[in-house]
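The following exercises practise the reading of a protein model. Attempt each task before studying its worked solution.

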Amino acid sequence: MAAPCGCSALLAGLALFGTVLAVFYAADSDVACPAVCLAAVAGLLLTLWGFRLRRRDGGTERRVCVLVLGDIGRSPRMQYHALSLSKHGYQVTFVGFLDSKPHQDVLNEGKIQIVPIAEVKGVLVGPKILTYVSKVFLQSLQLLFVLLTMELQSQILMQNPPGLPGIAVAWFVCVLRGSRLVIDWHNYGFTIMALSLGPAHPVVRLAKWYEHFFGPLATNNLCVTNAMKDDLQKNWGVRATTLYDRPPSIFRETPLKLQHELFTRLADVYPHFQDAGSEDEDVEVERTVFSVRDPADGTVTLRTNRPALLISSTSWTEDEDFSILLKALEDYEGFVQGGASLPSLVCVITGKGPQKEHYKKIIDTLRLEHVKICTPWLEAEDYPVLLGSADLGVCLHKSSSGLDLPMKVVDMFGCCLPVCAISFHCLHELVKHEENGLIFKDSAELSQQLKCLLSEFPSSDGKLGTFRKNLRTSRGQRWDDNWDQNVLPLISSR
């Protein structure tokens, strides 16, 4: 692909040439002079505007736009990109929706400026195709305005998916302004759409063509797995650099004091964390269902009869079937009622998304005595603390393309939290069965894994403790080192 700046310069040159030609033509023809002069002036103005769009200054090469057509607060990888860029002295303009609060580190970083955009709904009357087309059109106009009116950026680093209309608009702006486009491929958008519409739906086929056409126009590409890297090269003609998700330093095992503080705050809102209490207990002692703090010296201890804390996080979308987990929890309840020596469970499912209310209604119908389920939305600062306090993680992410990996598991591993994860094509790049977790295919297999892993709880001598020890000794790169090695060379090259 030709360099964007060369293409844009060529367009500007042609516009200038056309303007001069029009002036000569007007001087030697019978065409109405005002009309030709008007065309000449318009051409000249467009040329001058094009040069203004591309006007560079001393800080241009140190400015990068990070773009996500989604909620910034629920886009951790793009937040990590922004923080890494700022740590290396780049001024970052972070464009996206502000539905939920970004991480405090992003808000506190002076080199990161958040430019919020609104999620466009489109025309809400008439056929669905009209709503979809109008939404894409209006979103394109909004994004075009934002990207053309901000200071000239050396690069636009954007997430895909969602990429419609973002990839096309970002590429067009890069052509006009001489910037470089970098796409971070998290998945394929058309495969996500196919989950609800079916692969043969005209909109899905159009989305697939769109990604295949505009994706290769980027200057550089990142992706999340080697499997995706190979697929992009083989089927798309796109050369990408694999940037595995790696946990930042905030994901770690949580000290007992911080665990207790979080449990106490959550207990104010969710009764699942509250201590049931008894009359003979010391009322001066601060308790939750998991922990106790001695008021004399502030020492925090975990209760020996505490329930196991099971955690899963989700965007509540079609690529995660939570009926699998709910059925496994019903089976677990049956094990306990049948006399198995197993702890009670508190299952926390965090996140926001379109199917949350659907599953909450199902949860409300369950009759479980030894399993409690709550579905909170956590602040960005509390999420890693809860992960670092949990006993076991569950992942139901089943990639729509079979080529991406669940970031939630990366975060869990950063906290040395063993995981039970549902099987799909490239999961082995992350979860090592019987080493750092277990892989299951259905609810029956998951329920047996829960029974096996929690059979010796809270002792650390069983398989669950072994997995945690393996995670402690096999920690790989953190995000910062991984980013410096794989992304910084692409960003800093000219």
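**Exercise 1. Locate P161 and describe the peptide bond that joins N160 and P161.**

Solution. This is a predicted model.
Step 1. P161 lies in the loop between β4 and α6 (166-177).
Step 2. The bond joining N160 and P161 is a cis peptide bond, with omega about -10°.
Step 3. The bond from P161 to P162 is likewise to be checked: it is cis, with omega near -5°. P162 is found in the loop between β4 and α6.

**Exercise 2. Determine whether N160 is buried or exposed, and list what N160 touches.**

Solution.
Step 1. N160 belongs to strand β4 (residues 155-160).
Step 2. The relative accessible area of N160 is 1%. Buried means under 20%, so N160 is buried.
Step 3. Leaving aside residues up to four places away in sequence, N160 touches I167, I183, D184, W185, H186, N187 and E211.
Step 4. In addition, the N160 side chain reaches the backbone nitrogen of G163 at 3.2 Å.

**Exercise 3. State the order of the strands in the open sheet and identify the edge strands.**

Solution.
Step 1. The open sheet is formed by seven strands, and their order is β3-β2-β1-β4-β5-β6-β7. The pairing is parallel.
Step 2. An edge strand here pairs on one side only; the edge strands are β3 (112-116) and β7 (241-242).
Step 3. Within the sheet, β4 pairs with strand β5 (residues 180-185) in the parallel sense, over six bridges. I156 stands opposite L181 in β5.

**Exercise 4. C416 and E434 each have a positive phi although neither is a glycine; compare their places and their exposure.**

Solution.
Step 1. Phi is about 55° for C416 and about 70° for E434.
Step 2. C416 is in the loop between α14 (407-414) and β15 (419-422), whereas E434 is in the loop between β15 and β16 (437-440).
Step 3. C416 has 0% relative accessibility and therefore counts as buried. E434, with a relative accessible area of 41%, is partly exposed.

**Exercise 5. Which residues make the nonpolar surface patch of about 420 Å², and where is V133 found?**

Solution.
Step 1. The patch is made by V123, V125, I129, L130 and V133.
Step 2. V133 is found in helix α5 (residues 128-149).
Step 3. Patch residues must have over 30% relative accessible area. V133 meets this condition because its relative accessible area is 48%, and V133 is partly exposed.

Conventions:
Residues numbered from 1 in each chain as written. Predicted model: local features only at pLDDT ≥ 70, side-chain atom pairs only at ≥ 80, totals over all residues. Heavy atoms only, no water. Patch = residues over 30% accessible without salt bridge, like charges linked within 9 Å, V, L, I, M, F, W, Y side chains within 5 Å. Areas by Shrake-Rupley, 256 points an atom, 1.4 Å probe, with all protein chains shown as cover. Salt bridge = Lys/Arg side-chain N within 4 Å of Asp/Glu carboxyl O. Helix = DSSP H or I, 4+ residues; strand = E, 2+ residues; numbered from the N terminus. Buried < 20%, exposed > 50% of the residue type's maximum accessible area, 1.4 Å probe, protein only. Polar contact = N/O pair within 3.5 Å; in protein donor to acceptor, adjacent residues only side chain to side chain. Contact = heavy atoms within 4.5 Å. Pairing = 2+ DSSP bridges.
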